[in-house]
Amino acid sequence: MEFKVLAIGDVVGNPGMERVRRKLRQLKRKTEADFVIVNGENASVVGITPDQAEDILDAGADVITLGNHSFGKREIVDYLEDTSRVLRPANLAPQAPGRGWDVYETKAGDVAVVDLIGRCNMDYTPDNPFLMAEKLLGQVTAKFILVEIHAEATSEKLAMGYLLDGRVSAVWGTHTHVPTADCQVLPQGTGFVTDLGMTGPMQSVLGIRPELSIAKFRGELTSRYEPADGPVQLCGAVFTVDTRTR
Ligand code: FE2
């Protein structure tokens with residue numbers, strides 16, 4: 001039996017949120033997706049509020065994933081403890097609030113979603129995501145397993161894909177906000193893309209007003225990052241998976 005997963009890249013600020021509110025349900029219908037996962041850690045640019053999480057779920061997402069900005073808005077902490085539908089990376093320190101993976105019932109069978117975070121050029125506090133992935137695979141028995149690796153380095157994301165090839169249904173990357181043109185089925189049958197890209201303003205640097213980013217790179221004192229104006233894109237990928245994947 002085929003199972004279609006729609007994975008949406010990092011939603012950035014109000015422009016990205018507005019696009020999700022207006023378009024996600026329509027896109028879910030159009031792609032005939034059975035299950036929708038949205039990375040929401042930039043809904044407030046840095047972090048996500050409970051209201052924004054509710055809005056993304058109301059718009060059609062089944063699960064929201066987070067990353068390095070999981071706790072950027074502290075009011076999300078209590079919410080994370082109470083919900084199974086918003087995941088922070090599983091390899092954060094054990095005392096981190098919330099959960100990093102869970103199993104969801106669907107008409108096609110149980111679906112496990114695992115959120116992981118990379119370490120190359122990122123925070124050094126998370127545990128090794130490769131060892132965590134192997135450990136979790138020993139515990140998860142769901143029919144379908146979907147893994148997001150929120151990471152900067154393309155090598156780290158590709159290596160995760162190959163580590164899990166044939167053992168999970170799909171692996172995709174998030175965090176860089178730039179989609180990669182390498183959608184593929186890995187040799188042992190796992191669907192993979194290095195980065196989904198973002199849902200946010202197109203004429204921007206990762207969703208942010210370019211002048212703010214330029215100022216930072218020029219070494220100037222910078223003000224708070226704000227989303228850019230102009231047209232908004234929604235990036236993501238559809239994975240059609242079946243039980244032969246693994
Ligand atoms: Fe990120």
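**Close-up views of pockets, sheets and cysteines**

**View 1. The largest pocket encloses about 510 Å³ of space.** Welcome to this predicted model. Lining the largest pocket are 18 residues, and those closest to its centre are His69, His177, Leu206, Ile208 and Tyr225. By class, the lining of this pocket splits into eight nonpolar, seven polar and three charged residues.

**View 2. The second largest pocket holds about 220 Å³ of space.** Along its lining you can pick out Gly13 and Asn14, the run Ala43, Ser44, Val45 and Val46, then Gln52 and Lys73, and finally Arg224, Tyr225, Glu226 and Pro227. Five of the lining residues of the second largest pocket are nonpolar, four are polar and three are charged. Look out for Tyr225, which appears in the lining of the largest pocket and also in that of the second largest pocket.

**View 3. Five strands make an open sheet with mixed pairing.** Reading across this sheet, the strand order is 4-3-2-1-13. The edges are taken by strand 4 (86-87) and strand 13 (236-241); each has a single partner strand, so one side of each lacks a neighbour in the sheet. Strand 1 (residues 3-8) runs antiparallel to strand 13, and six bridges join the two. For a landmark in this pairing, find leucine 6, which stands opposite valine 238 of strand 13.

**View 4. Six strands form an open sheet, again with mixed pairing.** Here the order is 5-6-7-8-10-9. Strand 5 (101-106) and strand 9 (184-185) are the edge strands; because each pairs with a single partner strand, one side of each has no neighbour in the sheet. At the strand 9 edge, two bridges pair this strand with strand 10 (residues 191-193) in the antiparallel sense. One residue pair to look for is glutamine 184 and its bridge partner in strand 10, phenylalanine 192.

**View 5. Cysteine 183 and cysteine 235 are shown in a structure with zero disulfides.** Why does cysteine 183 form no bond with the closest cysteine sulfur? The sulfur of cysteine 183 is 11 Å from that of cysteine 235, which is too far for a bond; a disulfide would need the two sulfur atoms within 2.5 Å. Cysteine 235 is likewise in no disulfide, its nearest cysteine sulfur being that of cysteine 183. Their surroundings make a nice contrast: cysteine 183 is exposed, with a relative accessible area of 61%, whereas cysteine 235 is buried, with a relative accessible area of 12%.

Conventions: Residues are numbered from 1 along each chain as its sequence is written. This is a predicted model: local features need pLDDT of at least 70, side-chain atom pairs count only at pLDDT 80 or more; totals for chains, interfaces and linings use all residues. Side-chain values use heavy atoms; hydrogens and water are left out. Buried means under 20% relative accessible area, exposed over 50%, partly exposed in between (1.4 Å probe, protein chains only). On a 1 Å grid over the protein atoms alone, a cavity is a set of points where a 1.4 Å probe fits but cannot get out, and a pocket is an open set with protein on both sides within 12 Å along at least five of seven lines; lining residues have an atom within 4 Å of a point. Grid points are joined across faces, edges and corners, and a volume is the space filled by probe spheres set on the points. Ala, Val, Leu, Ile, Met, Phe, Trp, Tyr, Cys and Pro count as nonpolar, Asp, Glu, Lys and Arg as charged, and the others, Gly among them, as polar. Two strands pair if DSSP finds at least two bridges between them. Helices (H or I, at least four residues) and strands (E, at least two) are DSSP runs, numbered from the N terminus.
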